[in-house]
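Got your viewer open and your selection box ready? Let's take a short walk through this one, a stop at a time.

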There are 2 protein chains.
Amino acid sequence: MARPDASGPRARLNRPSVLAAAVALADEVGVEGLSMRRLAQELGVVPMALYKHVRNKDELLDGMVEFLIGEIGDVGETEAAEDWKGRARTRVLAAREVLMRHPWARRLFETRSTKTGAVLDYMNSFAGILLSGGLSAELTHHAMHAIGGRMWGFTQELFEDEPSTPPQGPEAAAMMQEMAQRFPHIAAIASMEHDDSVVGRGCDDQFEFEFALDLILDGIERRHLSGWRSTP
Amino acid sequence: MARPDASGPRARLNRPSVLAAAVALADEVGVEGLSMRRLAQELGVVPMALYKHVRNKDELLDGMVEFLIGEIGDVGETEAAEDWKGRARTRVLAAREVLMRHPWARRLFETRSTKTGAVLDYMNSFAGILLSGGLSAELTHHAMHAIGGRMWGFTQELFEDEPSTPPQGPEAAAMMQEMAQRFPHIAAIASMEHDDSVVGRGCDDQFEFEFALDLILDGIERRHLSGWRSTP
DNA sequence: CTGCGCTGGTGTACGGCGTACGCCTTCGAC
DNA sequence: GTCGAAGGCGTACGCCGTACACCAGCGCAG
């Protein structure tokens, strides 16, 4: 009775609630204003309490990315009876919608390099859209890279292999087998060297970059030559 | 004679030498390992000494960007007798070459948002390449934006106006006049609404994003339909 | 030659950060 | 009722950026 329920004295923390609070706080003060201490204070808790739910700040940031990917999923549901191009388009625009709601998130996506399960899931399903349209694994691979180059001269590396731990022993092979099952589309576009090796060598970064660059320049030239105008 | 010249006891600091040392240090320990204290130590000087040459760490970072843009200039000299597409291509690849030499720099370019003179110079000359090819100011504007979108759903904002200080009074007009003279190409593509206003309203972000997205998707589709293979 | 001001390096100090480590409370299972 | 684990607490450490006051040496006016 006297138990204050709605505005309770303190709700027990858990990982999702911590992540949600972190996202909310970042919405308020930006990602550079987000600190463990500040977040703890927002939750009415001492800083070290957070470490019971999150290994460290990096993992908190990764968790926030995960959280946002969840939001993308919520947005981009009805992408049924379109061709691959339309589906890819609406998917990207759904992602964009989420990113626009959380302006700080762009930085976060750019910064984080570790690929959590959620990130791989997203990439996998995106690759799936292209593959289901009949695009070859090769073209899909390069297309994935193409969506992200810039005038300054670099490409967002999607598959930054970091081969510090090259496939070693039979248990590694088993793990890759499992990966291939969980992320079949990624597996399909990751290997193009031989049909048997599921996860191939890293890709030729320079090639990817020039592929994307030429894609853009060709498209611009085509529009230029056909007298493109913004208001047709 | 006894004056130790080459390995002197202490060379006087100045802004360029501080920036160069910062770049060198970042090459060693990465940009996240770069701290004012560490940099000072590397220069054999007390941390606060740096603040005589750089207002704060943000300005140091901006200065490093400047420094790298200088390197791009050194690389991309011989871009004479090509068409606009070729010149844009070699320019971008020159930028890329520099970025590859300093892997940490990509993050830095993505993070920094303030446009120093060097940045504007670079953008201006890049726009100049496109304009000199006969591209309309409109198409050039969108093309600049297009070189930098990604699957996650955002575009690198080149002209993030942040209209906190909208053009006010006659002295602002004078400043814009000066801008237009120093960066004529940027002025040309920044305004497309009326021929008289030199610096127009901010641009439609959503339009830019979809322009770039369609550019890429169209290009991929074209390659797909014509049976593109990586080894022709 | 003297004194003075300016430029640039120094020393100290403060508040904020991430987080290691150990203690204490709470609560569900038995 | 007991116990063990899970979760929140307190303290402490070593980094960080940087404000502020001070001082060394040099160029120059007198």
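Which phosphate oxygen lies 2.9 Å from a backbone N or O atom of K57(B)? Select K57(B) and look towards DNA strand D: the phosphate oxygen belongs to that strand. Bear in mind as you go that this is a predicted model.

**Stop one: DNA strand D**

Stay with DNA strand D and bring up what lies around it. You should get 17 residues, and the closest are V46(A), M48(A), K52(A), H53(A) and R37(B). Of the strand's atoms that come within 4 Å of the protein, sugar and phosphate account for 46%. Colour the surrounding residues by class and you'll find eight nonpolar, three polar and six charged.

Now for some individual contacts. Pick Y51(B): an N or O atom in its side chain is 2.9 Å from a phosphate oxygen of DNA strand D. Then jump to R12(A), where a polar side-chain atom sits 3.5 Å from a sugar or linking oxygen of DNA strand D.

**Stop two: DNA strand C**

Switch your selection to DNA strand C. Here 18 residues surround the strand, with R37(A), Y51(A), K57(A), K52(B) and H53(B) the closest. Sugar and phosphate make up 47% of the atoms of DNA strand C that come within 4 Å of the protein. By class, the nearby surface has eight nonpolar, three polar and seven charged residues.

Three backbone contacts are worth clicking on here. Select K57(A), and a polar backbone atom turns up 2.9 Å from a phosphate oxygen of DNA strand C. For M36(A), a backbone N or O atom is 3.0 Å from a phosphate oxygen of DNA strand C. Over in chain B, try V46(B): one of its polar backbone atoms is 3.0 Å from a phosphate oxygen of DNA strand C.

**Stop three: a helix pair in chain A**

Leave the DNA and select residues 117-132 of chain A, which form helix α6, along with residues 137-146 of chain A, which form helix α7. The two pack at an angle of about 130 degrees, with their axes 10 Å apart. That angle is why α6(A) counts as oblique to α7(A). Their crossing is right-handed.

What meets what between these helices? Show side chains: from α6(A) you have M123(A), F126(A), A127(A), L130(A) and L131(A), and they meet A137(A), T140(A), A143(A) and M144(A) from α7(A). Sorted by class, this contact has eight nonpolar residues, one polar and no charged ones.

Note on methods
Residues are numbered from 1 along each chain as its sequence is written. Chains are lettered from A and ligands numbered from 1 in the order in which they are written. This is a predicted model: local features need pLDDT of at least 70, side-chain atom pairs count only at pLDDT 80 or more; totals for chains, interfaces and linings use all residues. Side-chain values use heavy atoms; hydrogens and water are left out. A residue is near a molecule or strand if one of its heavy atoms lies within 4 Å of it. A polar contact is a pair of N or O atoms within 3.5 Å; within protein, one must be able to donate a hydrogen and the other to accept it, and residues adjacent in sequence count only if both atoms are side-chain atoms. Ala, Val, Leu, Ile, Met, Phe, Trp, Tyr, Cys and Pro count as nonpolar, Asp, Glu, Lys and Arg as charged, and the others, Gly among them, as polar. Axes are lines fitted to C-alpha atoms, for helices over the stretch in contact, and angles run from 0 to 180 degrees between N-to-C directions. Helices (H or I, at least four residues) and strands (E, at least two) are DSSP runs, numbered from the N terminus. Angles under 35 degrees count as roughly parallel, over 145 as roughly antiparallel, 65 to 115 as roughly perpendicular and the rest as oblique. A crossing is left-handed if the near helix is turned anticlockwise from the far one by less than a right angle, and right-handed if clockwise. Contact means heavy atoms within 4.5 Å.
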